[in-house]
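Hi everyone, thanks for making time. I'll put the structure up, and then we'll walk through it together.

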Amino acid sequence: MEKVLSNKPVISMLIFPALIIYCLVVPIPVIASVYYSFTSWDLIGEMRFSGLQNYVNLFLHDDIFRLCIKNTVVFLFVSILLQEPAAFIFSVLLTKGVRGQKFFRNLFFMPIVFSGVSVSLMFYFVYHPDAGVVNNLIRLFGNKEFSFAWLGEEKTALLSVTVALAWQYIGYHMTIYISGISSIPKELFEAARIDGANEWMVVKHIIFPMLMPMIQVSMILITTSSLKAFDYIYIMTYGGPAHASEVIASHMYSKAFVQLKYGYGSAISTVLMVLCIISSVILTKVFKDRVYSDV
Amino acid sequence: MNKNAMLSKIKYIFLYIYSIIIIFPLLFILISSLKDNEDIFTNPWGLPKVYHWNTYLQLFQKYGMGIYFLNSLYYSILGCIISIIVCTAAAYAISRLKWKLSGITLGFLLLGLMIPAHSTIIPLFFLSSKIGLKNPKISLILIFVAFSIPTSVYILASFMKSIPREMEESAVIDGCSIIGAFIRIITPLLKTPIATVTIFTFLGIWNDLLFSLVFINKESDKNLQLGIMKFLGSYGSRYGILLSAIVVSMLPAIIVYIMLQDKIVDGLTAGAVKG
Amino acid sequence: MALDDIINGDEELKNTYIPYRLAQFDGKTYAIGYTLTTEVYYYNKELFAQYNVNVPKTYEELMNLIKLFKGKGIIPMAMGNQDPWVGSLPYMFVFDRIAGPFKYEETCFDKTGKFTDPEYIRAAEIIVEIAEAGAYPNNFNTLNYDEAKALFTSGKAAMYPMGTWELANLAKEMGDNLGFFNFPDIEGGIGKSEEDWVCSQDGATSISAKSSADKTEAAIKFLKFIFSTERLSDLAMSGALVPAKGLILDETKLQKVSIDIYSQLENVKYSIIPWDNLLGPNVGKEFNLSTQSIYAGKNPAEVFANLQKIADMEWGSK
């Protein structure tokens, strides 16, 4: 049997298609991308090796990039603020056996199947100064002439996009937490009740600690997806007004595919990748001490 | 027990409020899509004065919505099929066959989870134009398959690990080749993880924008996401069309979701949690 | 190869062709374009007649027009600056009227001038003046292109700064009601409304210097054919705007406004090329965003200092 299971040609045949496709598309281009980031290249001219010039420009001279970093960080923190507490609260509420629990769970999760494009277009309309939901609501309750351009004003553009993102993803994180809560042994809850703990104490001392692995997963997901956010920005604001909502991914797209600066764009995407990796590592470390694998 | 009753009411209020937050924009878009421009601006809260169903017709007749749909179906279905075949084979080799590098290979494939698509897109773009792959369909599908490999192989391999060894043993004893055992005995057992993986992959391809944006140039190749974006640009002032396009793009997702709710929820969270 | 000799040697070409700067290098012509787009201020003749006003000849008159229309509840000018290049149109006009048709070349062509020079700031102040006088619709800085156009065609706005690619559309909606004028002169400035227009050419045709002798021969014949008065007139009749004079235009078949544009174009001495075309996709985009920021209230000196920084990074500081 051993020999049958170690049949090299068979193994190769089974694994190679996936391996080849994967290598062609993921690791090799990544390495190429890092290489390109050290060149100055715009597809028409020649590729000139320019060493660290791109990175120097990026970090020292590109004010827009600095704005992107700030925007991406703001984007991330606001997203966490909007999505995580709500997801947590809903997950607690919807694991108690309230009436219609299944309905609520499935409803809240639904927005995740939509594409970023659909959701962005929808919110573009929702935020429209004249015809949109938000301004119409405000007009109902107050100023009849209110026509603020949420996506067009510097101060609100980025935040408006994060709201759209939260609308779509709160249910996702909620469901992750629900699956976590569902796997907490019932005995713990019973024991706590016998000891006279009220709801709040149950949440604080049982649910929250036991949910740490899930929180870790959720935080890693939300961090990497915030870093990568592209669809929403591209459609709702295109980085505007005047780069007020420009994030790393949109800046990369603009530099590489609109201005045809492939070397520079590669530098930006390399920075993005490094950020993704670093944040995953940091988050894993942070949670390592708090995740109890056994109770 | 009054406090409890109040607390319970508050909980319900929260839940109802968020339900409204989810449903309301969708409803608003749906109803507004049937209004003409005047109506949208002057009568935002009411039902349409005149029902303009023809915007939906126009989407397909004049604006090529059908083509976008078909293209998306093409990319997604083909991508899924290729991905499932390739990933199941690889997962089988990794999880059930004996070779030294199986662990490393799995780790190598999983590294892909940490890498954002953005870091590969420039070289891929250059590579495909150099090779002269005139047809973006081939390059796009390969790319989609490639990015589906880490998650799919992981889910499939995890599942397959739990299948008892006896399955292959008895088949081999009966004279079956290992491949035969794989195809005839193991694969039928994989209905659940394959369903999960299909949902992931299909959704990922159907909803893609970044790669489609970069690789697709011809109108006739555009997928749904890329296609509906045009309704924002030059048709910006004809809201009926834009809104109808949004509705049409969301409808399939809603319908499929309503039909397969639980499967989808379980599937997507299982994948995320394991990742 | 340089086409000057060919052009000057051919009587017909010489009289038809109006040399525009774009195709010239080192003082010689290297390409001829066969269609032209220019940018003007369209206006609603009916609205003007209704309030008994004329096309403004000076900046002061323009401001009075704005105040008048605003007072009557009509949007003076339709503008949708969601695509930031739209708002840069008035800026280029104003800049020319203040600083003359050659100043912009320092920053856009030669890359020696600086956006922080006083003329740029002054021009910015003027476009803000126009905006603050209430010339544009509410939220114009984020207003969609199509919605702005609709404001003009539906008669809600009296004027509309835009390019001639819209000429056919607007003429279809508004017929003889459509008029146009070039941005008026600003007192004390160098540029002249009559002579300075913002235009760009398309369809540039040139002959490769590397062609063999008989291929060049054939190319020259082709050039003379395409750019003969006959062919150009046909092209003009089909609706395109052609950078030539002495065209034979059938007045009954072409919109009056097109014919008017042609007669005005004959007086053009200096064509100002839209800056974002010259500045390239990076700096050009930033230039447009600069004017958009200025409309949003940002300090012009700061905005242009930023723009200069980006330009320096792009072309290596000089």
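Let's begin with a single residue: which residues does B:Val153 touch, leaving out those up to four places away in sequence? With that restriction, there's one partner on the other chain, A:Ala18, and then B:Cys87, B:Ala90, B:Ala91, B:Ile94 and B:Leu109. Before I go further, please keep in mind that this is a predicted model.

So where does B:Val153 sit? It belongs to the largest nonpolar core, which has 153 residues. B:Val153, A:Ala18 and B:Ala90 are the ones with the most contacts inside that core. And if you're wondering which element gives the most to this core, that's helix 9 of chain A, residues 154–182, with 15 residues. There's also another core, lying apart from that one, with 75 residues. Among its members are C:Ala78, C:Met79, C:Tyr104 and C:Leu170.

Okay, back to A and B. The contact between them takes 69 residues from chain A and 68 from chain B. On the chain A side, those residues split into 50 nonpolar, 15 polar and 4 charged.

Now have a look at helix 1 of chain B, residues 2–32. With its 31 residues, this helix reaches 43 Å from first C-alpha to last, close to the 45 Å expected at 1.5 Å a residue. Where does helix 1 of chain B bend? The spot is B:Ile23, the angle is about 30°, and a proline, B:Pro25, follows within four residues. B:Pro25 is also one of the buried residues of this helix, along with B:Leu15, B:Tyr18, B:Ile22, B:Ile29 and B:Ser32.

Last stop, chain C. You'll find 14 helices and 8 strands there, and of its 318 residues, 41% count as buried. If you take the contacts in chain C between residues at least 6 apart in sequence, 75% of them join residues at least 24 apart.

Chain C is divided into two domains: domain 1 is 4–36 plus 203–271, and domain 2 is 38–198 plus 275–315. How do they meet? Well, 13 residues of domain 1 are in contact with 14 residues of domain 2. On the domain 1 side, the elements giving two or more residues are helix 12, at 256–265, and strand 8, at 270–272. Helix 12 of chain C has the largest share, 4 residues. By type, the domain 1 side divides into 6 nonpolar, 5 polar and 2 charged.

That's my tour, so over to you for questions.

Methods: Residues numbered from 1 in each chain as written. Chains lettered and ligands numbered in written order. Predicted model: local features only at pLDDT ≥ 70, side-chain atom pairs only at ≥ 80, totals over all residues. Expected span 1.5 Å × (residues − 1). Bend = angle between axes of the 7 residues up to and from the residue. Buried ≥ 20, exposed ≤ 12 C-beta atoms within 10 Å, placed from the backbone. Contact = placed C-beta atoms within 7 Å. Nonpolar A, V, L, I, M, F, W, Y, C, P; charged D, E, K, R; others polar. Domains from an automatic or database assignment. Core = buried A, V, L, I, M, F, W, Y, C linked by C-beta atoms within 7 Å.
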